[in-house]
Amino acid sequence: MSGARDRVTDALYGLGWGTVKKLPEPVATALGRTIADTVWKRRGPSVLRLEANLARVVPDAGPERLAALSKAGMRSYMRYWMESFRLPAWSTERVREGVEIKDIDLLMDGLASGRGVVLALPHMANWDLAGAWLTRGRGVPFTTVAERLKPETLYDRFVAYRESLGMEVLPHTGGSAFGRLARRLRGGGLVCLVADRDLSSSGIEVDFFGDATRMPAGPALLAQQTGALLMPAALWFDDSAVMRGRVYPAIEVPRTGTRAEKTSVMTQAMADAFADGIAEHPEDWHMLQRLWLKDLERGPE
């Protein structure tokens, strides 16, 4: 059963990349919204988990407000997929015109300094589009990591897709990623990491919307070890075809303390920046999994 399910999953993603990119943009947009609304109406585990997560982000929201947020959240999430399936067919001009980032000069100045930059993002809006905008629209190459997905063929699809957009993609597991990321940063390069969910057993505990969760130590450790700048960022959609975003000022490495203490302080600062962006645009935070420690302790859904 597991093998059959994996084959179906892989085939569906393949269908998306092979078919959706050929649709006219208005048709793809309407299709994505229809799928999102259908999934939202079914109130499955992913929708309920999204709603529970949003309840922590907007604690004073009543049931109607949370329902509206989760519906908008599913539309945002499906917009991500529709755009991602179509991205390989977008022209450089379409990519360049599809993104507007506030304070992007902070990132460009950081790279110009030669120190290297770790750009850390939460799961907001369309991080793949932001990456394509950097590589194809601004001519800025970067390195990232990808979670090992099952089946392996699906993981290979994602790696090939992101490499087609100009990204260097390393596997999250295997032990060699950190060293290669460090080498890119020492060479003055850019490393982009989606960093609001810990995929290891070595995450740093942080306060996030008033409760404890863990976020990866990698961004802070890379900045300390290489001298690179650690810059959080946030992304969001509005009613236009343009995705918006913001780069936050670099997080300073504390002058005193052990490496573990410095990492904890920097990771909390990163979490605070993420919380700022998510609180302003909660419907564009695509967190459909359990995140907070209290929720994780309850076992699988």
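Buried means under 20% relative accessible area, exposed over 50% and partly exposed in between, with a 1.4 Å probe and protein chains only. Helices (H or I, at least four residues) and strands (E, at least two) are DSSP runs numbered from the N terminus.

The model is predicted: local features need pLDDT of at least 70, side-chain atom pairs count only at pLDDT 80 or more, and totals for chains, interfaces and linings use all residues. Residues are numbered from 1 along each chain as its sequence is written, and side-chain values use heavy atoms, with hydrogens and water left out.

**Exercise 1. Determine which residues of H8 are buried and how they are arranged around the axis.**

Step 1. H8 covers residues 152–164, 13 residues in total. Its first and last C-alpha atoms are 18 Å apart, close to the expected 18 Å; the expected span is 1.5 Å times one less than the number of residues.

Step 2. The buried residues of H8 are Leu154, Tyr155, Phe158, Val159, Tyr161 and Arg162.

Step 3. These residues cover an arc of only 160 degrees around the axis, so they lie on the same side of H8. The arc is that of the directions from the helix axis to the C-beta atoms.

Step 4. In general, an α-helix has 3.6 residues a turn, so residues three or four places apart point the same way.

Step 5. After H8 comes glycine 166, with a positive phi near 100 degrees.

**Exercise 2. Describe the two faces of H2 and what covers its buried residues.**

Step 1. H2, residues 25–42, has 18 residues and spans 26 Å from first to last C-alpha, close to the 26 Å expected.

Step 2. Ala28, Gly32, Ala36, Asp37 and Trp40 are the buried residues of H2. They fall within an arc of 165 degrees seen down the axis, so they line one face of the helix.

Step 3. The cover over these buried residues includes helix H3 (45–57) and helix H4 (63–86).

Step 4. On the face turned away from the buried side, H2 carries the exposed residues Pro26, Lys41 and Arg42.

**Exercise 3. Identify the non-glycine residues Arg43 and Aspartate 103 by phi, location and exposure.**

Step 1. Arginine 43 is not a glycine, yet has a positive phi of about 55 degrees. Arginine 43 sits in the loop between H2 and H3 and is partly exposed, at 33% relative accessibility.

Step 2. Aspartate 103, also not a glycine, has a positive phi of about 60 degrees. Its loop joins strand S1 (99–102) and helix H6 (104–112), and at 36% relative accessibility aspartate 103 is partly exposed.

**Exercise 4. Characterise the second largest pocket by volume and lining.**

Step 1. A pocket is defined on a 1 Å grid over the protein atoms alone, as an open set of points where a 1.4 Å probe fits, with protein on both sides within 12 Å along at least five of seven lines; lining residues have an atom within 4 Å of a point.

Step 2. The second largest pocket holds about 570 Å³, a volume being the space filled by probe spheres set on the points, which are joined across faces, edges and corners.

Step 3. The lining has 22 residues, with Thr29, Arg33, Arg75, Arg79 and Asp238 nearest the centre. H2 and H4 each supply at least two of the lining residues, and H4 gives the largest share, eight.

Note on methods
Contact means heavy atoms within 4.5 Å.
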